[in-house]
Amino acid sequence: MASLSDLPIRDDLRGQSPYGAPQKHVRVQLNVNENSHPIPEAVARDIVESLAAAVLTLNRYPDREFTVLREGLAAYLGHGIGTEQVWAANGSNEIIQQLLQAFGGPGRRVLAFPPTYSMHGIITRGTGTTWLTAERDPGYELSAETVVAAIEAHRPDLVFLCAPNNPTGTPVALDVIEAAYEASDGMVFVDEAYAEFMPAHAPSAITLLPDRHRLVVSRTMSKAFAFAGARVGYLAADPAVVDALRLVRLPYHLSALTQAAAIAALRHAPEMLATVDDIRAQRDRLVSELPVLGYRAYESWANFVLFDGLDDPHATFEALLERDIIIRDVGLPGALRVTAGTEQETTLFLEALAALAPRGA
Ligand code: PMP
């Protein structure tokens with residue numbers, strides 16, 4: 001049996017680790033920020049009808065421009081976003097990969113503010129792009145001054161901002177994004193995977209798009225839309241950015257089945273998104289109840305909560321797993337991250353955690 005080191009693999013991939021969220025089939029899965037609520041049965045049936053029609057066309061390649069899907073995504077986004085400003089791929093991970101293939105690569109540099117979504121670094125390195133990091137403010141916050149100072153120090157080709165940030169849940173104010181744009185002459189990428197969980201009054205970076213041709217905002221159907229298994233991510237940007245991605249995408253990268261499923265799901269957007277309020281309520285419940293158990297919970301605008309104050313996060317992770325509950329060890333000192341699930345899942349998690357570390361013990 002050969003090992004990686006026996007292969008003539010790229011030097012810059014030696015010693016790297018793959019994306020590693022454990023996939024375990026336990027009763028309460030609160031580890032990868034999925035939507036715990038299944039798709040409503042009636043919607044599922046309609047999606048299946050669309051899929052059945054698409055299957056009959058599978059002898060042909062799909063629409064390479066996935067125009068109907070882009071129309072649906074543009075209508076969903078609103079804010080006057082046109083079809084020519086929207087692009088989609090197999091999850092927002094592939095969106096990020098295409099973005100880096102077009103604007104990153106050997107000799108180019110991404111600036112990011114960890115702790116942040118682990119795939120940002122993995123995709124950056126995978127495309128041969130250099131990964132530069134700068135520190136956040138206390139409490140994982142991000143101010144315009146901090147971002148601008150880091151951009152001026154590093155002059156990156158791309159700035160990555162995760163809004164709200166995974167794994168901390170931290171909001172990113174629009175003036176921070178505007179300041180990043182003004183300070184840089186490269187691409188500014190805002191990952192809004194969790195946008196639908198933000199407070200209703202909070203504006204999206206999409207509102208900044210007009211006249212900012214270096215700004216890119218990505219979204220996904222994996223979280224609020226409860227569609228992670230379908231693998232649909234998308235972005236909104238200047239049409240010139242979309243033209244740049246056409247240079248690097250593989251032809252027909254979105255299968256006819258993916259397109260059909262996503263178009264049908266978008267037709268049912270209100271039903272697909274009906275669980276967002278429930279999930280927000282469970283998130284807010286975690287933020288208020290974790291401190292009662294003696295932990296510090298961070299403000300979150302997403303569908304998960306980071307909490308710290310654990311003596312041994314790994315031991316807590318394992319003890320919860322023994323109770324059929326999986327959350328996430330994101331490698332931050334004394335901290336774990338938990339996804340806001342259904343009310344019942346959240347209760348099971350809080351009760352199990354309370355039983356592990358009785359208050360005052
Ligand atoms: N961005 C962020 C910030 C995420 O947390 C995730 C998923 N965990 C993604 C992007 C990728 O999502 P997907 O590829 O399923 O769209």
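This report walks through a predicted model of a protein chain, from its domains down to single residues.

## Two domains

The domain assignment splits the chain in two. Domain 1 is built from two stretches, 21-37 and 275-356. Domain 2 covers 41-268. Taken over C-alpha atoms, the domain centres lie 26 Å apart. The domains touch: 20 residues from domain 1 and 19 residues from domain 2 take part in the contact. On the domain 1 side, helix α10 (276-289) and strand β10 (304-308) each supply at least two residues. That side holds 10 nonpolar, 6 polar and 4 charged residues.

Arg-280 sits in helix α10. Arg-280 counts as buried because 21 other C-beta atoms lie within 10 Å. Gly-341 is 61 residues away from Arg-280 in sequence, yet their C-alpha atoms are 9.5 Å apart in space.

## The sheet of 7 strands

One open sheet has 7 strands. Their order is β2-β8-β7-β6-β5-β3-β4, and the pairing is mixed. Strands β2 (86-89) and β4 (130-133) form the edges, each pairing on one side only. On average, neighbouring strands are turned by 25 degrees against each other, direction ignored.

Start at the β4 edge. Strand β3 (109-112) runs parallel to β4, and 4 bridges join them. Val-110 has Trp-131 in β4 as its bridge partner.

Now move to β7 (215-220). All of its residues, 6 of the 6, are buried, so the strand is largely enclosed by the rest of the structure. In a regular strand, side chains alternate between the two faces of the sheet. In β7, Leu-215, Val-217 and Arg-219 are buried on one side. Val-216, Ser-218 and Thr-220 are buried on the other, so both faces of the strand are covered, which fits with its being largely enclosed.

Strand β7 has partners on two sides. Strand β6 (187-191) runs parallel to β7, with 4 bridges between them. Here Val-190 stands opposite Val-217. Strand β8 (233-237) pairs with β7 in the antiparallel sense over 5 bridges. Here Ser-218 has Leu-235 as its bridge partner.

## The sheet of 3 strands

Another open sheet has 3 strands in the order β9-β10-β12, with antiparallel pairing. Strands β9 (296-297) and β12 (335-339) stand at the edges. Each has a single partner strand, so one side of each is left without a neighbour in the sheet. Strands β10 and β12 are joined by 5 bridges. Across this pair, Phe-307 stands opposite Leu-336 in β12.

The table sets out four strand pairs.

| Strand pair | Sense | Bridges |
|---|---|---|
| β3 and β4 | parallel | 4 bridges |
| β6 and β7 | parallel | 4 bridges |
| β7 and β8 | antiparallel | 5 bridges |
| β10 and β12 | antiparallel | 5 bridges |

## Around the ligand

Which residues come nearest to the ligand? They are Gly-91, Ser-92, Ala-193, Thr-220 and Ser-222, out of 13 residues around the ligand. Helix α3 (91-103) gives the largest share of this shell, 3 residues. By class, the shell has 4 nonpolar, 8 polar and 1 charged residues.

Take Ala-193 from that list. Ala-193 lies in the loop between β6 and β7. Ala-193 counts as buried because 25 other C-beta atoms lie within 10 Å. Leaving out residues up to four places away in sequence, Ala-193 touches Ser-92, Asn-166, Arg-219, Thr-220 and Lys-223. Met-221 is 28 residues away along the chain, and its C-alpha atom is 8.2 Å from that of Ala-193.

## Backbone details in the loops

Two peptide bonds are worth a look. The bond from Ala-163 to Pro-164 is cis, with omega near -5 degrees. The bond from Asn-166 to Pro-167 is also cis, with omega near 15 degrees. Pro-164 lies in the loop between β5 (158-162) and α6 (174-183). Pro-167 is in the loop between β5 and α6 too.

Phi angles come next. Ala-226 is not glycine, but its phi is positive, near 55 degrees. Ala-226 lies in the loop between β7 and β8. Tyr-252 also has a positive phi, near 65 degrees. Tyr-252 is in the loop between α7 (239-246) and α8 (256-267).

Are these two residues buried or partly exposed? Ala-226 is buried, because 24 other C-beta atoms lie within 10 Å. Tyr-252 counts as partly exposed, because it has 13 C-beta neighbours inside 10 Å.

How values were computed. Residues are numbered from 1 along each chain as its sequence is written. This is a predicted model: local features need pLDDT of at least 70, side-chain atom pairs count only at pLDDT 80 or more; totals for chains, interfaces and linings use all residues. Domain bounds come from an automatic or database domain assignment. Two residues are in contact if their C-beta atoms, placed from the backbone, lie within 7 Å. Ala, Val, Leu, Ile, Met, Phe, Trp, Tyr, Cys and Pro count as nonpolar, Asp, Glu, Lys and Arg as charged, and the others, Gly among them, as polar. A residue is buried if 20 or more other C-beta atoms lie within 10 Å of its own, exposed if 12 or fewer, and partly exposed in between; C-beta atoms are placed from the backbone. A residue is near a molecule or strand if its C-beta atom, placed from the backbone, lies within 6 Å of it. Two strands pair if DSSP finds at least two bridges between them. Axes are lines fitted to C-alpha atoms, for helices over the stretch in contact, and angles run from 0 to 180 degrees between N-to-C directions.
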